[in-house]
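Student: I should like to go through this structure with you, beginning with the contact between its parts and then turning to the sheet.

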Amino acid sequence: MSDEIAPPRKPGFDTLAIHAGQEPDPTAGAVAVPIFQTSTYAQEAVGKHKGYDYARTGNPTRTALETCLAALEGGAWGLAFASGMAAADAIAHLLEAGSHVVIADDVYGGTYRLFARVFDRAGIELSPVDMRDGRNVKRAIRKRTKLVWIETPTNPTLKIVDIPAVTEVARAAGVLSVVDNTFASPYLQQPLGLGADLVLHSTTKYIGGHSDVVGGAIVGTDPSLRERLAFVQNAAGGVPGPFDAWLVLRGAKTLALRMERHSDNAMAIAEWLVQHPKVASVNYPGLVSHPGHDVARRQMRSFGGMVSFELTGGEAAAKRAVARTRIFTLAESLGGVESLIEVPLSMTHGSVRGTPLEPPAGLIRLSVGIESIDDLISDLAQAIG
Ligand SMILES: *Cc1c(COP(=O)(O)O)cnc(C)c1O
């Protein structure tokens, strides 16, 4: 036998999802992280405590979630928030008054609204650009530009942004880059390793995965960014309660398995839609015909559970079809185990009507769940008719 000590193996994604930050609890050996439903913590002497003093500042259930999310994104730290928008708000609070932000021209509508209609009061200026071409980002950067906000795949048209190309443009200009990784989840795409400074999640979606909790998170590597964001998290107080943190942590355990099935089901549906005579166009990055397919192949493990398409009958046909599905539920949101269907312009994207982010009126968006694929396809078949 050799005396050589094998180098420690880096645990795989599926192992981290189940174990990172989740040691059995020392009190009773509980295998599941307890829900520390408390607002405050006993101190032995003034200032002498086990690392927790008040639950807005810290909670062990939340710490477990933050540690797990950091591991899943390959980051050094994670911070959990009460919603994806509370996480976005914390990042926006890093900016000085009068800063300029370059934002993808089809970011999540709520992100656009936050910058355009809340942080406009702090004199934050926005330049929405098509980030599929990194040169558009370079041209938009000015002296006061402090942030480049990337989202990929985008919502609801599933455009793909080349993360290494755009984060490199930001880095060269000394500008912070953020990737909203909600649609891909860390199982499919890890932006920090591709050059991003920060990753944002609405954990409401794939990480939570069961349509039963609203939450958000930020993950990064730079300790000074952690310090500034943790200060905002505590000062502004947009933190998740312990039960919400626990639900997200529980969801994360099965993320890998779910994303595999979401991706397989979405691919099968996209291929089925493409050949349907009443379907005019299909957006899915897994299709070879998708303009971002090659970039998606480079930076994603597979292509995710979101599909959008237009019918030949336009808006009227779209509204008829979405009211007729039986397994796909007509609802906003995405990323849960159950399949959802919606018309973005009339539902999720109402807030961007009349802005550069407005999607086509007849576009239908699917959040493909993990049900039996034959049932999903026959449901769509009868609804499209
Ligand atoms: C839902 C969503 C958000 C906002 O998250 P909430 O949890 O609803 O606040 C941000 N970005 C993307 C891509 C989303 O889908």
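**Domain contact and central sheet**

Tutor: In this predicted model, Asp162 and Arg298 form a salt bridge, with 3.3 Å between the closest N and O atoms.

Student: How many salt bridges are counted between domain 1 and domain 2?

Tutor: The domain assignment places domain 1 at 13-252 and domain 2 at 255-384. Asp162 and Arg298 form a salt bridge, and the count between the two domains is one.

Student: Which three residues of domain 1 supply more of the area it buries against domain 2 than any other three?

Tutor: Contact involves 37 residues of domain 1 and 41 residues of domain 2. About 3,200 Å² is buried between them, 63% of it from carbon and sulfur atoms. Of the share buried by domain 1, 25% comes from Tyr187, Leu188 and Tyr206.

Student: Which strands form the edges of the open sheet of seven strands?

Tutor: The strand order is β1-β7-β6-β5-β4-β2-β3, and the pairing is mixed. An edge strand pairs on one side only, and this applies to β1 (77-81) and β3 (125-129).

Student: What angle does the direction of α3 make with that of β6?

Tutor: Within the sheet, β5 (residues 176-180) and β6 (residues 198-202) pair in the parallel sense over three bridges. Helix α3 packs on this sheet and touches β1, β4, β5, β6 and β7. The angle between the directions of α3 and β6 is about 155°.

Student: How many of the nine residues of α3 are buried?

Tutor: Helix α3 spans residues 84-92 and is mostly covered. The buried residues are Gly84, Ala86, Ala87, Ala88, Ala90, Ile91 and Ala92, and their number is seven.

Conventions:
Residues are numbered from 1 along each chain as its sequence is written. This is a predicted model: local features need pLDDT of at least 70, side-chain atom pairs count only at pLDDT 80 or more; totals for chains, interfaces and linings use all residues. Side-chain values use heavy atoms; hydrogens and water are left out. Buried means under 20% relative accessible area, exposed over 50%, partly exposed in between (1.4 Å probe, protein chains only). Helices (H or I, at least four residues) and strands (E, at least two) are DSSP runs, numbered from the N terminus. Two strands pair if DSSP finds at least two bridges between them. Contact means heavy atoms within 4.5 Å. Axes are lines fitted to C-alpha atoms, for helices over the stretch in contact, and angles run from 0 to 180 degrees between N-to-C directions. Domain bounds come from an automatic or database domain assignment. Buried area is the accessible area (1.4 Å probe) that two parts lose on being put together, summed over both. A salt bridge is a side-chain nitrogen of Lys or Arg within 4 Å of a carboxyl oxygen of Asp or Glu.
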